[in-house]
Amino acid sequence: MMACGLGLLHLLLGQLCSQLLGTFGNTMQHHLDPQTDNGSWEPEETQDNDSVVSAHTLLFSLDYQHVQVPFEITLWIMLASLAKIGFHVYNKMPTVVPESCLLIFVGLIMGGLIYSLNDQSPPIMDSDIFFLYLLPPIVLEAGYFMPSRPFFENIGTILLYAVVGTMWNAFGIGLSLYGLCQVKYFNLQDVSLLHNLWFGSLIAAVDPVAVLSVFEEIHVNEKLHILVFGESLLNDAVTVVLYKLFKSFNEMPSIKLVDILAAMGKFFLVGIGGVFIGFLFGMFAAFTTRFTKTIRVIEPLFVFLYSYLSYLTAEMFHLSGIVAIITCAMSMKRYVEANISQKSHTTIKYFMKMWSSVSDTLIFIFLGVSTIGNNHEWNWPYICFTVFFCLIWRASGVLVLTFFVSKCHMNTVTRKDQFIIAYGGLRGAICFSLVFLLPEFSRKKLFIAATTVVILFTVFVQGMTIRPLVDLLDVTRRRETSPTVSEQILIRFFDHLLAGIEDISGHWGQYYWKDRLEYFNSRYLQKILLREYDQPKSSIVLLYEKLERKHAIELAEAGQLTHTPSSTSLLHSRQTTMPISSLAPDQDVMANIQEILTTNLYKIRRVAPTYNRYTLPGEMGAAEQVKEILIRRHKSLQLSLSPRDSDKSQKEKNIYSSFHGDSEIKAKRCQSLTTGNSIASSGVKYSRSKSECYITSLKENNVELVNEDETDCDQIL
Amino acid sequence: MRVFFPFLSLLSVSSEQIEQLHRRFKQLSGDQPTIRKENFNNVPDLELNPIRSKIIRAFFDNRNLRKGPSGLADEIDFEDFLTIMSYFRPIDTTLGEEQVELSRKEKLRFLFHMYDSDSDGRITLEEYRNVVEELLSGNPHIEKESARSIADGAMMEAASVCVGQMEPDQVYEGITFEDFLKIWQGIDIETKMHVRFLNMETIALCH
């Protein structure tokens, strides 16, 4: 915890500085407006004292006020990052206590310290700062790395949970709390129906930040993960509508039916408008990157700028910013990745992960800090029942909706998964910021207290217990296997098969529309948005080449490929490849492979099958080196593919035995070659071609491959 | 119509869907009682499908129609059409583990038959290559050689899954159905291999 202590020290230093320097010349203070309860980070301009000019101040002077704002911001970020280091140094902690809990705890400590130092409430996290600066990076990263295939396969279920589920929760909680307020004993008469419903709408929303940070560490199966996560992202649209709806109702003298209907219409507008704006900006971004060939350095910037713009534009029109930024990221990803360079791609990935990581940490710390203070009014019944109702309504909502889902045959969600979905409905900083945005009325502090308790309860209690529960219930976990070419082939085959069956049966189903979209994409969109319009490679080919490259790298690592073919042997092999045309690659193909590698390396990015906060998709090795390795390997294979079996098999044995000594790589051969004349009808002899002179068992070599691959979940940045 | 399809209660397809499929059948066959391969040319979107020939072939495959161990039928009637379609109905998870396992096997067997074109019970390298070539045929930039080597790579993986470490002189004959099952073990095919409109309501069809 030394790193943590160091961070605390920094911040204390900052506070102390501000205290001490008050006596020096410039006075400054954190100004907290007791009326609005919204603290801000910027100090107010205070009156300037006449500073005493003496000789020693000319040599050494301190002007803290000048740098105060950026200085303190940096200190906070520093604290967040040091806390993160601290947590990961002690490996045991994250397994029992999720990181979010620890961060809130640190925040609580910080808040307590500031409170005791200043004897005032510590600065509350400004809602503007949260919504405009802290939230977008997290959501952008989520959208950019969202595995689109499972997302769209389950989109019906996700939307149902997000929209109907959130409304169910909001109205359920609001109405139950109103019912509670009617009980005379609790002294809550003055909390009106509207206020209760308003409160319900903001407390109902599942928070993507909290969900991400907890689910990150428990590795449930992909479908469950995408359901909870997708729901937490998309329910923003509903929350925005409901919140603003009740806000406007609050200001209106009377509520008519027309207003309610308008609100329903508004809901569609918010959601669809958000999607539209996101898509628009995504297309702009893709189009812009088409022209960035000569200025590669600023390519990553466009991704961030356009995404942020989409968020801000949506917020400007009171549409859902989260939906907009996610749509933007998802729609531009495909084209941008084809257009930008490999380095830009790495930059984008790293920056996104970094920003979202920092944001996430800051949010939780601020949550802790803001909890301390005079903002709360305790009313035990109300608060306890709020927590209770949140749990009840969430559970019932999930149950009812899943029933409908299976009735309509949209999806199958098992009981265990349902339980995890209900239990994983964590509330977080969004609720917190929204409650601070409420206008001042008599019971606001009660709401703040209730929100704080709910958030702390869900994050601490549910966050900590979800992992043992997942183990206890034996929920299906994520498949930890590396992708294989045959799997990819099968999936692709499958897609086409189902699209075909849907065509034949005349039913326009999921696969039909996917097919159509692909067609539209290849006919029109790609021509506009991609710089070099050559048909992008099929994912099968991409995966295959990626695995090829891995083999090549492994070969190099094993110290192989030391022999360089001389020109005569090359010539010889070129001649001898003719009769064995079915086996050895001819020079054309090899040159083609080379060309493919050089021009298309940046295209070869496997979509991460699972989403993970802390890892980046595996990075490609040095292109040139790999290419060289691949060429050499092919050449070495050609050498050994001489018509004389015995000679060749001897050479093979040499190649293999020389690195059999390396226990890491288990090489395996599949068999002898078919020579030109033995391709009989029962020629089921599996012939060896350039790609498999040895194949490292993909399963056994899991560790190596997985480390390079995106499915490694244990690497932490 | 409900009278002369008594066996359909076994297929668990509801009557409205049968009517819908019957209409479609008539549309495809041009009001004839049977469909031939040529009739599938009437489906315009199928043209763009790379594995078109395999799909059409699957409809006439005797193994899928449960009429024999190999060979192709010349024409199929509505019963056969429904038999094929029934491979794509959703699995009812409430029926119990065994049923689910059986349904899954049936579906995977259908897929296996699509790969194994010569009906010898094994997917040989040539057949696999054929599949990959067809899959990638929509992409003009892929060389035939690349497709072949991809198929080889896939075969290798299959071999490693099924047989494990192989001796230098061992020959891998081809993927059998058991091996095929092994490969697909981790992937939940049963939830994905269905066409949505076919749902599971079993209605007593024979009155």
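Let's start inside chain A, with a pocket whose lining counts 21 nonpolar, three polar and three charged residues. This is a predicted model, so keep that in mind as we walk through it. The pocket in question is the second largest, and its volume comes to about 610 Å³. In total 27 residues line this pocket, and those nearest its centre are A:Tyr133, A:Leu134, A:Pro137, A:Trp355 and A:Ser359. Which elements give two or more residues to the lining? They are four helices of chain A: H3 (64–89), H6 (127–144), H13 (299–316) and H15 (342–371). Of the lining, H6(A) supplies the largest share, with eight residues.

Stay with H6 and H15 for a moment, and look at a charged pair. The side chain of A:Lys353 meets that of A:Glu141 in a salt bridge, with N and O 3.2 Å apart. This pair ties together distant parts of the chain, as A:Lys353 sits in helix H15 of chain A and A:Glu141 in helix H6 of chain A, 212 residues apart. Are these two charged residues buried or exposed? A:Lys353 has a relative accessibility of 2%, so it counts as buried. A:Glu141 comes out at 0%, so it counts as buried too.

That bridge has company: over all chains, the whole structure holds nine salt bridges. Another one joins A:Arg394 and A:Glu231, whose closest N and O atoms lie 3.0 Å apart. Here again distant parts of the chain are linked, with A:Arg394 in helix H16 of chain A and A:Glu231 in helix H11 (residues 222–251) of chain A, 163 residues apart. Both A:Arg394 and A:Glu231 are buried.

Now try the bridge between A:Glu299 and A:Arg296, where the side chains meet at 3.0 Å, N to O. How do its two partners stand in terms of burial? A:Glu299 is at 0% relative accessibility, so it counts as buried. A:Arg296, on the other hand, is at 26%, so it falls in the partly exposed class, because that class runs from 20% to 50%.

Next, head out to the surface of chain A. There, A:Trp168, A:Leu399, A:Val400, A:Phe403 and A:Phe404 make up a nonpolar patch, and together they offer about 470 Å² of accessible area. Which helix gives the most to the patch? It is H16 (residues 380–407) of chain A, with four residues. You have met H16 already, as the helix that holds A:Arg394. A:Val400 is found in H16 as well. With a relative accessible area of 31%, A:Val400 is partly exposed. Why can A:Val400 belong to the patch at that value? Patch residues need over 30% relative accessible area, and A:Val400 has 31%, so it passes that cut-off.

Finally, turn to chain B. Its secondary structure consists of ten helices and two strands, and along the sequence these follow the pattern α-α-β-α-α-β-α-α-α-α-α-α. Chain B has 207 residues, and 54% of them are buried. One helix worth a look is H3 (residues 52–60) of chain B. Seven of its nine residues are buried, so this helix is largely enclosed by the rest of the structure. Which residues of H3(B) are the buried ones? They are B:Arg52, B:Lys54, B:Ile55, B:Ile56, B:Ala58, B:Phe59 and B:Phe60.

Methods. Residues numbered from 1 in each chain as written. Chains lettered and ligands numbered in written order. Predicted model: local features only at pLDDT ≥ 70, side-chain atom pairs only at ≥ 80, totals over all residues. Heavy atoms only, no water. Patch = residues over 30% accessible without salt bridge, like charges linked within 9 Å, V, L, I, M, F, W, Y side chains within 5 Å. Areas by Shrake-Rupley, 256 points an atom, 1.4 Å probe, with all protein chains shown as cover. Salt bridge = Lys/Arg side-chain N within 4 Å of Asp/Glu carboxyl O. Buried < 20%, exposed > 50% of the residue type's maximum accessible area, 1.4 Å probe, protein only. 1 Å grid on protein atoms, 1.4 Å probe; cavity = no way out; pocket = protein on both sides within 12 Å on 5 of 7 lines; lining within 4 Å. Points joined across faces, edges and corners; volume = space filled by probe spheres on them. Nonpolar A, V, L, I, M, F, W, Y, C, P; charged D, E, K, R; others polar.
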